[in-house]
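The following report describes a predicted model. It takes up the surroundings of the ligand, then the helices, and then two individual residues.

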Amino acid sequence: MYNNAKELLKECMEKNLPISEVVINDEIDSTAATREEIVSRMKNVLDVMKKSISDMEAKETMGGIIGGEAQKLDDYVKSKKTICGGSINRAMIRALAAAQHNASMGRICAAPTAGSSGIIPASIVTGAEELECDEDVIIRGLLTASGIGKIIIQNATVSGAEGGCQAECGSAAAMAAAGLVEMAGGTPKMSLTAAAIALKNVMGLICDPIAGLVESPCSKRNSSGAVNAMTSAELALSGITSVVDFDETVEAMYSVGRMMHPNLRETALGGIAVTETGIELSKKVHGEN
Ligand code: SF4
């Protein structure tokens with residue numbers, strides 16, 4: 001059992017296990033599920049994730065605020081030399097697709113939340129392509145990501161209403177970054193470093209959805225969250241360390257979340273939601289009052 005990153009790392013080091021294996025053992029102990037059941041459930045999760053990131057068709061979303069972004073970026077990438085190149089663009093396309101899929105009531109895996117549900121699948125599937133990983137390795141990446149999510153939930157929050165978007169999109173990026181590191185053959189310490197870097201990159205990010213709907217700015221925060229995960233993983237894999245460790249970073253994120261004014265925590269009363277455009281769109285969705 002582990003309650004924080006220090007305990008997780010200690011268990012990995014003492015037993016010479018990757019994070020994914022410690023997560024499996026913890027799940028067996030706490031739920032009495034078998035290893036096969038845990039892996040099989042994660043395969044189902046991966047299936048749902050893969051479908052959500054490949055749905056590029058422009059659909060009507062709940063508020064009609066977003067739509068067609070993934071297809072637009074895909075068309076652009078296919079027709080021009082791009083700044084970001086192959087893997088970054090593919091991850092952004094996938095994250096945008098999942099965000100639209102979620103906003104149009106498609107089936108997603110809330111990892112850790114519906115609003116941030118494009119970040120883990122987009123970065124993990126794209127990373128797997130680049131690293132040429134098979135499905136078993138991808139499942140290991142997802143298990144590692146879930147271990148990081150458990151630590152954040154136990155010690156802070158993954159809810160935008162409680163901790164701002166840093167807690168949703170930041171946690172998703174941290175989870176994905178740790179998973180990507182394990183998929184690339186990095187150490188447990190590197191996974192935790194990547195998670196700390198990803199979370200720090202968006203420390204203080206508020207939750208300000210226009211009209212209170214998970215569309216804008218959420219969709220683009222999914223694409224930047226996927227890129228955050230990939231760059232954080234790459235930094236950690238190169239041997240770059242995090243000055244502040246993951247446990248302290250989680251504590252800081254939670255403390256920042258608690259300091260955030262309620263207007264900046266999913267109430268649609270601050271930030272982008274109350275710009276002139278945000279208010280206009282909100283009136284269109286909900287009416288004048
Ligand atoms: S802005 Fe709020 S609702 Fe949108 S993804 Fe971030 S936390 Fe979720």
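## Ligand shell and helix packing

The largest share of the shell around the ligand, three residues, is supplied by helix H9. Of the 14 residues around the ligand in this predicted model, Gly115, Gly160, Cys165, Cys207 and Cys218 come nearest. The elements that give two or more residues to this shell are helix H9 (165-183) and helix H11 (218-237). In terms of residue character, the shell around the ligand divides into seven nonpolar, three polar and four charged residues.

Both of these helices also take part in helix pairs, for which the axis separation and crossing angle are set out below.

| Helix pair | Axis separation | Crossing angle |
|---|---|---|
| H6 (residues 119-131) and H9 | within 9 Å | roughly 20° |
| H10 (residues 188-201) and H11 | 8 Å | about 135° |

Because angles under 35 degrees count as roughly parallel, H6 and H9 are therefore roughly parallel to each other, and the crossing of H6 and H9 is right-handed. H10 and H11, by contrast, are oblique to each other, since an angle of about 135° falls neither in the range of 65 to 115 degrees, counted as roughly perpendicular, nor over 145, counted as roughly antiparallel. H10 likewise passes H11 in a right-handed crossing.

Helix H7 can be considered on its own, both for its length and for its surroundings. With 21 residues (residues 135-155), H7 should span 30 Å at 1.5 Å a residue, and its end C-alpha atoms are 31 Å apart, which agrees with that expectation. Because 15 of the 21 residues of H7 are buried, the helix is largely enclosed by the rest of the structure.

Two residues illustrate the local environment at the level of single positions. Ala172 lies in helix H9, the helix that gives three residues to the ligand shell, and Ala172 is buried, because 37 other C-beta atoms lie within 10 Å, where 20 or more are required for that class. The C-alpha atoms of Ala172 and Ile152, which are 20 residues apart along the chain, are separated by 10 Å.

Lys6, in turn, lies in helix H1 (residues 5-15). With 14 C-beta neighbours inside 10 Å, Lys6 counts as partly exposed, because residues with 12 or fewer would be exposed and those with 20 or more buried. Although Lys6 and Lys189 are 183 residues apart along the chain, their C-alpha atoms are separated by 9.7 Å.

Methods:
Residues are numbered from 1 along each chain as its sequence is written. This is a predicted model: local features need pLDDT of at least 70, side-chain atom pairs count only at pLDDT 80 or more; totals for chains, interfaces and linings use all residues. A residue is near a molecule or strand if its C-beta atom, placed from the backbone, lies within 6 Å of it. Helices (H or I, at least four residues) and strands (E, at least two) are DSSP runs, numbered from the N terminus. Ala, Val, Leu, Ile, Met, Phe, Trp, Tyr, Cys and Pro count as nonpolar, Asp, Glu, Lys and Arg as charged, and the others, Gly among them, as polar. The expected span of a helix is 1.5 Å times one less than its number of residues. Axes are lines fitted to C-alpha atoms, for helices over the stretch in contact, and angles run from 0 to 180 degrees between N-to-C directions. A crossing is left-handed if the near helix is turned anticlockwise from the far one by less than a right angle, and right-handed if clockwise.
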